[in-house]
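User: I would like to go through a structure by question and answer, beginning with its ligand surroundings. Please reason briefly before each result.

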Amino acid sequence: MENSFDMIVIGAGSGGLGVSLFMAKIGLKTLIVDESDAHIGGDCLNYGCVPSKALIHVSRLVSDARKSEDFGMSVSGQPDIAKVMQYVVDRQEVIRKHENADFLRQEGLEVVLGRARFHSSHSIIVNGTVYTGRKIVLATGSSPRALDVPGVDLVRVYDNESLFGLHDFQGRKLLVVGGGPIGVEIGQALLRLGVQVTLVHRGAQILPKEEPEIAAILHQKLEEEGMQILLNTQVHQFTAPNEALLVHGDRIRSKLDFDSVFASIGRTYELGSLDLEKVGIETEKGKIKVNQYLQTTNKDIFTAGDIAGYLQFSHAAEQHTRLLLNNLFSPLKKKLSNDHMSWVTFTDPEIATFGLQKIDMDRKGLDYERLVMGFEDDDRAVVDSYRYGKLVLYISKGGLLRKQKILGGSMIAPNAGELIQELILANTMGLDIDAIFNKIYPYPVASRVNQMIIVKQKEKILTPTINTFLRKWYRFLN
Ligand SMILES: Cc1cc2nc3c(=O)[nH]c(=O)nc-3n(C[C@H](O)[C@H](O)[C@H](O)COP(=O)(O)OP(=O)(O)OC[C@H]3O[C@@H](n4cnc5c(N)ncnc54)[C@H](O)[C@@H]3O)c2cc1C
Ligand SMILES: NC(=O)c1ccc[n+]([C@@H]2O[C@H](COP(=O)([O-])OP(=O)(O)OC[C@H]3O[C@@H](n4cnc5c(N)ncnc54)[C@H](O)[C@@H]3O)[C@@H](O)[C@H]2O)c1
C-alpha cells in the first residue's frame, strides 16, 4: 500500500508543518503536500511574517538612525532598496534551511509537490496520483482579498504576495487600502524607507480589533511620522493609472494622486479548486464549516491554520496543531478556545493584546474591572522617551475572599510584545494580580509598568477612613 498513509496533510505552512512533523517523528507514515518547494513554509515564511518582520527591522534601523540627528549626528540619503530586499531574502533563506522538501524528507515525511484536491472520502489526488489517508488535515491557508473597485485594471496593485519582489518603490506615492495589521505594519515600514504613504481605511479606527484608545495612539504616531490616514474612507473608483476617487461616508471626498496601490483588505479562501463536495465537506459563507474540534463535516478531515476560519496568525495555526494532536491521541478531547489568545502588531510602537476582550467579557456576562494607565510617570518610559505608552488591563472583580484574576489587556509601547509576556503567562495560568504585585523587578526594566498598574489598583483601598485608621495604628504601635 505504497500510497496509503496514516495521515495526509495538505499545505506545508504554519498549520501543516507542525502536525505532520510530529506524526513523522513518532514514526507514523505521513504525507505532506504543497504546491512547490518554494511554497513550503507557507505565507509566514514566503509572503507574511518573516519578510514583513525583516522589512520592519530594517525600517526601524533607518528611523532610529535619523533620530540620532537630535544629538548632532548627521544622517543623509535614502536606504538602498535592493540591499534592503536582499536582507529580507537572506533572512528567509536562513529559515528555509529547515523548511524545504529535502529537509522534511530527512525528518521522515513523504513530500509530494503539486496542487492537491480531494478525490474520495479518504483520498486526495496530486499530479494524477491518488493518495489515501486514515485522517487528512487541510492546512491550505488563505489568500489576499482582491480589490474589487471599478477601474482597478488601470492601476498597479500590489499585495503581500507581490510586494516583497519589488525593488523600486522608493520615492513612490503609495496608496495603502485597508488599515488592518498588514496595512499599518507594511505602510509604516515603507514610509520609513522613503515611500510617501496614504492609508485609506473604511472603518472609524485603524486596527479595529484593538482598544480604541490604544489604536488612537498608534494613529497619532503614524501621522506624526508623515503617513496620511483617511478613516471612514473607501476607494470609489480608479479613474486613471494614478488617480482614485475616494468616498468618505456617503459623499465623494476627493481625488487622490498616487503611483501604486497596496491592498491589505483582509483574506479569502480558495475553496473552489479543492473538490470539497467529493468528500462531504460543507461550506458556509465562503468558509469551511468546522466544529470546535476543528473537524469538518467529514469526520476524518480536519483543518488547521487560516483555513479553519478563526484567528489568522502563525501561532493560532500552532495552537490548532496542538489541539489536533491532543485530540488524535487522547480520549479527552479539547475544544478550540481563544480565551488565552494573544497577538502583536509589529508597528513602532508595537501593540500587544491578550486574553479576553471587552466584547467577550460582556457576552459572557463576566464581572470585571478595566484598569487604564498611561506611562508618563514610568521612569523607563521617561528616559527612553515613550511616555505616550499605555496599558489597558482587565481583571475580575474582587471580593472579601475573591482574588482578582488577570483576564486580558492591551499595551502600546516599543517592544510591547515582549513587555506583555508575563501578563500573558499570568492569564494563561489563571494567576491573580498578586503574582505581579509580589514580584521584585530590577529597576528600571520596562515591564515594571505591569506592576505599577496593579499597585495603583491596590492603592484604591487607601480611602480616607483607612488612612485615618492606619495613622492611628502606626502611632499606637510606635
Ligand atoms: C504580510 C503578513 C504578515 C503577517 N505577519 C504575521 C505575524 O507577524 N505574526 C503572525 O502570527 N501571523 C502573521 N501573519 C499571518 C500568518 O502568516 C498566517 O496566519 C499563517 O501563515 C497561516 O498559516 P497556514 O498554515 O494556515 O497557511 P499558510 O502558511 O499560507 O500555508 C498554506 C500552504 O498551503 C499550500 N496550499 C494551498 N493550497 C494547496 C493545495 N491545493 N495543494 C497543496 N498545497 C496547497 C500553500 O502553498 C501554502 O504553502 C501575517 C500574514 C501576512 C500576509
Ligand atoms: N503582526 C501580526 O500578527 C499580523 C500582521 C499582519 C497580518 N496578520 C494577520 O493577517 C490577517 C489579514 O490582515 P489584513 O490587514 O489584510 O486584514 P484585516 O481584515 O485584519 O484588516 C483589513 C482592514 O481593511 C479594511 N477594509 C476592507 N476593505 C476595505 C476597502 N475596500 N477600503 C478600505 N478599507 C477596507 C477592513 O475594515 C479591515 O479592518 C490579519 O487579520 C491578521 O490575522 C497578522
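User: Which helix and which strand each supply at least two residues of the shell around ligand 2?

Analyst: The model is a predicted one. The shell around ligand 2 comprises 24 residues, of which Gly 178, Gly 180, Ile 182, Ile 265 and Gly 266 come nearest. Ile 182 falls within the bounds 181–192 of a helix that contributes at least two shell residues, and a strand at 342–345 does likewise. The two elements are helix H6 and strand E20.

User: How many residues make up the largest share of the shell around ligand 2?

Analyst: Domain 2 (152–265) and domain 3 (342–460) each give at least three residues to this shell. By secondary structure element, the largest share comes from H6. That share is 4 residues.

User: How do the residues around ligand 2 divide into nonpolar, polar and charged?

Analyst: The division concerns the 24 residues around ligand 2. Glycine counts as polar in this scheme, and Gly 178, Gly 180 and Gly 266 are among the residues that come nearest. The shell holds 10 nonpolar, 11 polar and 3 charged residues.

User: Which residues come nearest to ligand 1?

Analyst: Around ligand 1 there are 36 residues. By class they comprise 14 nonpolar, 16 polar and 6 charged residues. Those that come nearest are Gly 11, Gly 13, Gly 42, Gly 141 and Gly 305.

User: Which helices and which strand each supply at least two residues of the shell around ligand 1?

Analyst: Several elements contribute at least two residues each to this shell. The strand is E2 (30–34). The helices are H1 (14–25), H2 (42–46), H3 (49–67) and H8 (314–329).

User: Is strand E2 mostly covered or mostly open, and how many of its residues are buried?

Analyst: On one side of E2, Thr 30, Ile 32 and Asp 34 are buried, and on the other, Leu 31 and Val 33 are buried as well. Both faces are thus covered. The strand is mostly covered, and the number of buried residues is 5 of 5.

User: Which residue stands opposite Val 33 in E2?

Analyst: Strand E1 (residues 4–10) pairs with E2 in the parallel sense, over 4 bridges. The partner of Val 33 is Ile 10.

User: Does Lys 53 count as buried, partly exposed or exposed?

Analyst: The unreviewed UniProt entry lists Lys 53 under "binding site", together with Thr 140, Gly 141, Ser 142 and Asp 306. Lys 53 lies in helix H3. A residue is buried at 20 or more C-beta neighbours within 10 Å and exposed at 12 or fewer. Because Lys 53 has 15 such neighbours inside 10 Å, its class is partly exposed.

User: Where does Ser 142 lie, and what does it count as?

Analyst: Ser 142 occupies the loop between strand E6 (129–138) and strand E7 (143–144). With 18 C-beta neighbours inside 10 Å, Ser 142 counts as partly exposed.

User: Why is one side of E12 and of E14 left without a neighbour in the sheet?

Analyst: The open sheet has 3 strands in the order E12-E13-E14, with antiparallel pairing. Strands E12 (233–240) and E14 (251–257) stand at the edges, so each has a single partner strand. Neighbouring strands here are turned by 30 degrees against each other on average, direction ignored. The reason is the edge position of E12 and E14.

User: How many bridges join strand E13 to E14?

Analyst: Strand E13 covers residues 243–248 and runs antiparallel to E14. Leu 245 stands opposite Lys 255 in E14. The number of bridges joining E13 to E14 is 6.

Technical notes. Residues numbered from 1 in each chain as written. Chains lettered and ligands numbered in written order. Predicted model: local features only at pLDDT ≥ 70, side-chain atom pairs only at ≥ 80, totals over all residues. Near = placed C-beta within 6 Å. Domains from an automatic or database assignment. Pairing = 2+ DSSP bridges. Axes fitted to C-alpha atoms, helices over the stretch in contact; angles between N-to-C directions. UniProt positions renumbered as here; feature names shortened; annotations may be inferred.
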